[in-house]
Amino acid sequence: MYIDALERNYYEYERLKGVNEEYERLKGEIKRGAMQITGINSLLINIGGPYPGACIGRQGFVAPYVQVETKEQLEKLIESYRYANERAREVQVIMFGVQK
């Protein structure tokens, strides 16, 4: 669920960067949070500022969140989450005999 939302939000981030013709000029002037958009599943999309990209995190979220600014970061993060999900299933089977 969040993996799909992150991926879709990343592509929205890319689209928004491309739409703004003055993005390169403005990104130095944008203050933190000034270009923050709520994406799918209430995850943040930051345009410019110190933390640009699609984020796994929400406004007011107390834990540090992961931001994705490049396609390579997106692919690596998705691969990592899918691997963790698969390993969690294997551990559940080994420890509890739970299968889903």
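Is Y81 buried, partly exposed or exposed? At 32% relative accessibility, Y81 counts as partly exposed. Buried would need a value under 20%, and exposed a value over 50%, so Y81 falls in between. The model discussed here is predicted.

## Overall layout

The protein chain has 100 residues, and 26% of them are buried. Its secondary structure consists of 3 helices and 4 strands. Read from the N terminus, the order is α-α-β-β-β-β-α.

The accessible surface of the chain is about 7100 Å². Carbon and sulfur atoms account for 53% of that surface. Take the contacts between residues at least 6 apart in sequence: 42% of them join residues at least 24 apart.

## Y81 and its partners

Y81 sits in helix 3. Beyond its neighbours within four places in sequence, Y81 touches I3, I56 and V66. I3 is 78 residues away from Y81 in sequence. In space, the two C-alpha atoms are 7.6 Å apart.

## N9 in helix 1

N9 belongs to helix 1. Its relative accessible area is 2%, so N9 is buried. The cut-off for buried is under 20%.

What does the side chain of N9 reach? It comes to 2.9 Å from the backbone nitrogen of I40. I40 also appears among the contacts of N9 once neighbours within four places are set aside. The full set is G39, I40, L43, I45 and A54.

## The tyrosine cluster

The whole structure contains 2 aromatic pairs. One is Y10 with Y11: the ring centres are 5.4 Å apart and the planes meet at 70°, so this pair is edge-to-face. Y10 is buried, at 4% relative accessibility. Y11 is partly exposed, with a relative accessible area of 39%. Another pair is Y10 with Y13: here the centres lie 6.3 Å apart and the planes are at 45°, so the pair is tilted. Planes over 60 degrees apart count as edge-to-face, while tilted covers angles that are neither above that limit nor under 30 degrees.

Y10 and Y13 are both in helix 1. They are 3 residues apart, about one turn of the helix. Y13 is buried, as is Y10. Through these ring pairs, Y10, Y11 and Y13 form a cluster.

## Salt bridges

How many salt bridges does the structure hold? There are 4. Side chains of opposite charge can pair when their charged atoms come close. Three examples follow, each within a helix.

In helix 1 (residues 2-19), E12 pairs with R15. The N to O distance is 2.8 Å. The two residues are 3 apart in sequence, so about one helical turn separates them. E12 is partly exposed, with a relative accessible area of 27%. R15 is partly exposed too, at 44% relative accessibility.

Helix 3 contributes E86 and R89, whose side chains meet at 3.5 Å, N to O. Their 3-residue spacing again gives a separation of about one helical turn. E86 has a relative accessible area of 37% and is partly exposed. R89, at 38%, is also partly exposed.

E90 and R87 form a salt bridge in helix 3 as well. Its N to O distance is 2.5 Å. E90 and R87 are 3 residues apart, or about one helical turn. Both are partly exposed: E90 has a relative accessible area of 32%, and R87 has 36% relative accessibility.

## A nonpolar patch

Which residues make the nonpolar surface patch? V91, I94, M95 and F96 do, and the patch covers about 470 Å². M95 is located in helix 3 (residues 71-96). Its relative accessibility is 56%, so M95 counts as exposed. The cut-off for exposed is over 50%.

Note on methods
Residues are numbered from 1 along each chain as its sequence is written. This is a predicted model: local features need pLDDT of at least 70, side-chain atom pairs count only at pLDDT 80 or more; totals for chains, interfaces and linings use all residues. Side-chain values use heavy atoms; hydrogens and water are left out. Patches are made of residues with over 30% relative accessible area and no salt bridge: like charges are joined within 9 Å, nonpolar side chains (Val, Leu, Ile, Met, Phe, Trp, Tyr) within 5 Å. Accessible areas come from the Shrake-Rupley method with a 1.4 Å probe; for residues, only the protein chains shown count as cover. Buried means under 20% relative accessible area, exposed over 50%, partly exposed in between (1.4 Å probe, protein chains only). Contact means heavy atoms within 4.5 Å. A polar contact is a pair of N or O atoms within 3.5 Å; within protein, one must be able to donate a hydrogen and the other to accept it, and residues adjacent in sequence count only if both atoms are side-chain atoms. Rings of Phe, Tyr and Trp (its six-membered ring) pair if their centres lie within 6.5 Å; planes under 30 degrees apart count as stacked, over 60 as edge-to-face and the rest as tilted.
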